[in-house]
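Reader: Hi, I'm new to reading structures and would like to go through this one with you. Could you put it up so that we can talk about it step by step?

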Amino acid sequence: MRQELMSLPKTLAEDVARNLVMVARLIDEDPEQAYAYSRIALRLASRVAAVREAAGFAAYATQKYAEALAEFRAARRMTGSVELWPVMADCERGLGRPERALAMAGEPEVQKLDKAGQVEMRLVAAGARRDMDQLDAAIVTLQSPELASNSVQPWTARLRYAYADALLAAGREDEAREWFAKALESDKDGTTDASDRLAELDGVEFVDAFAEDAEDEADDAEESVRGKDEQAAGAAEGVADEAGDTGADVDAVEDADGGDGERRGGAER
C-alpha cells in the first residue's frame, strides 16, 4: 500500500492514508463510518488499487454488494491478483446469485489462491449450496483435508463452525454438537459463537445479570414515582380540605357581616 501511495503527491498521499487508516480501524465496530471514510479516500485517489480494495471491503461490510463487487473487480484489474476471488464470489451470493458463486468456485483462479484463500472459497461455495437448499451438497463441500486436520490454523474455527451449522440444518444434531465443540476448541480469538450454539443444543439458558439489574432499577424507579404521586395526591387532597374549611369560614364571616349590617340599618331606621 505504501508503495502505491508514493505515486501520489505527498500531501494527497497523507490525506488518503489517514482515511484508509480510519477505514481499517472502524470497519468492524462502525462499518457505516468506515464506509464514509472509504468514499473520501476513493474520491481522492480512485486510481490506487489499495483504495479500491478498501472501498470494496467497506461496502461489503455494509452489505452494499453490487458496489463492493465493482470495487473488487477494479482492484483486481489494477493488480492482476486473485486473492479477492472468494469475497467477489460471496458478493454474488449477497446479490442473490448463488449459481454464479458456484461457477466461480470452479474457475482456474481458485487454484492460484493460497491455502487460506482456498478454504475461504470452499466456505463460500458451501454457503451458495445452502442458498440453493442443497444441504447435503453443502456438507460434502465442506468435507476436506483441512476440516479433518488436527492442526489449528486461522481458518480452522470458521470451517468447523460452518460444518457444524450445516449438519444442524440437516437435522444431524449429535454430529453438529460434536463439531461445534471442535470449533470452540480451536476458536482462541472468539471469532464464532460456538459456545452459545453448544449451550442452545444443551438447553442451557443464559440470564443477563445486567439486564436483571436494569429491570430492578426500573421497577424501583417506578415504585418511587408512584409513591411520590401518592404523596402529591394526598397533599393535594389536604389542600382541598383546607380550602373547603377556609371557604366555610369565609361564608361564616360574610354571614356575620351581613347580619351586622342589617342590625345597623334597623338601628338607624
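**Helix packing and the largest pocket**

Author: Let us begin with a pair of helices, helix 9 (residues 135–142) and helix 11, whose axes come within 9 Å and cross at roughly 155°. Please keep in mind throughout that this is a predicted model.

Reader: OK, and what does that angle make helix 9 relative to helix 11, parallel or antiparallel?

Author: Angles over 145 degrees count as roughly antiparallel, and therefore helix 9 is roughly antiparallel to helix 11. The crossing of these two, helix 9 and helix 11, is left-handed.

Reader: Which residues make the contact there?

Author: On the side of helix 9 they are Leu135, Ile139 and Leu142, while helix 11 brings in Leu159, Ala162, Tyr163, Ala166, Leu167 and Ala169. Sorted by class, this contact between helix 9 and helix 11 has nine nonpolar residues, with no polar and no charged ones.

Reader: Now helix 8 and helix 11, at what angle do they pack?

Author: Helix 8 and helix 11 pack at about 15°, and their axes are 11 Å apart. Since angles under 35 degrees count as roughly parallel, that angle makes helix 8 roughly parallel to helix 11. The crossing of helix 8 and helix 11 is left-handed.

Reader: And what classes of residue are in the contact of helix 8 with helix 11?

Author: It helps to name the residues before sorting them: helix 8 contributes Val119, Glu120, Leu123 and Arg130, and helix 11 contributes Arg158, Leu159, Ala162, Asp165, Ala166 and Ala169. By class, the contact of helix 8 with helix 11 then has six nonpolar, no polar and four charged residues.

Reader: Switching topic, how much space is in the largest pocket?

Author: The largest pocket holds about 570 Å³ of space. It is lined by 21 residues, and those closest to the centre of the pocket are Asp90, Glu120, Leu123, Val124 and Arg158.

Reader: Which helix gives the largest share of that lining?

Author: Helix 8 does, with eight residues of the lining of the largest pocket. At least two residues of the lining come from each of helix 4 (49–61), helix 6 (85–94), helix 8 (115–131) and helix 11 (156–169).

Reader: How many charged residues are in the lining of the largest pocket?

Author: There are seven charged residues in that lining, along with 12 nonpolar and two polar ones.

Reader: I also noticed Tyr65, so where is it found?

Author: Tyr65 is found in helix 5, which covers residues 65–79. Leaving out residues up to four places away in sequence, Tyr65 touches Tyr60, Cys91, Gly94 and Leu95. The C-alpha atom of Tyr65 is also separated by 9.0 Å from that of Met88, although the two residues are 23 apart along the chain.

Reader: One last pair, how do helix 12 and helix 13 cross?

Author: The axes of helix 12 (residues 173–186) and helix 13 (residues 194–201) come within 9 Å and cross at roughly 150°, which means that helix 12 is roughly antiparallel to helix 13. Where they meet, Glu173, Arg177, Phe180, Ala181, Ala183 and Leu184 belong to helix 12, and Ala194, Ser195, Arg197, Leu198 and Leu201 belong to helix 13. By class, this contact of helix 12 with helix 13 has seven nonpolar, one polar and three charged residues.

Definitions and conventions:
Residues are numbered from 1 along each chain as its sequence is written. This is a predicted model: local features need pLDDT of at least 70, side-chain atom pairs count only at pLDDT 80 or more; totals for chains, interfaces and linings use all residues. Side-chain values use heavy atoms; hydrogens and water are left out. On a 1 Å grid over the protein atoms alone, a cavity is a set of points where a 1.4 Å probe fits but cannot get out, and a pocket is an open set with protein on both sides within 12 Å along at least five of seven lines; lining residues have an atom within 4 Å of a point. Grid points are joined across faces, edges and corners, and a volume is the space filled by probe spheres set on the points. Helices (H or I, at least four residues) and strands (E, at least two) are DSSP runs, numbered from the N terminus. Ala, Val, Leu, Ile, Met, Phe, Trp, Tyr, Cys and Pro count as nonpolar, Asp, Glu, Lys and Arg as charged, and the others, Gly among them, as polar. Axes are lines fitted to C-alpha atoms, for helices over the stretch in contact, and angles run from 0 to 180 degrees between N-to-C directions. Angles under 35 degrees count as roughly parallel, over 145 as roughly antiparallel, 65 to 115 as roughly perpendicular and the rest as oblique. A crossing is left-handed if the near helix is turned anticlockwise from the far one by less than a right angle, and right-handed if clockwise. Contact means heavy atoms within 4.5 Å.
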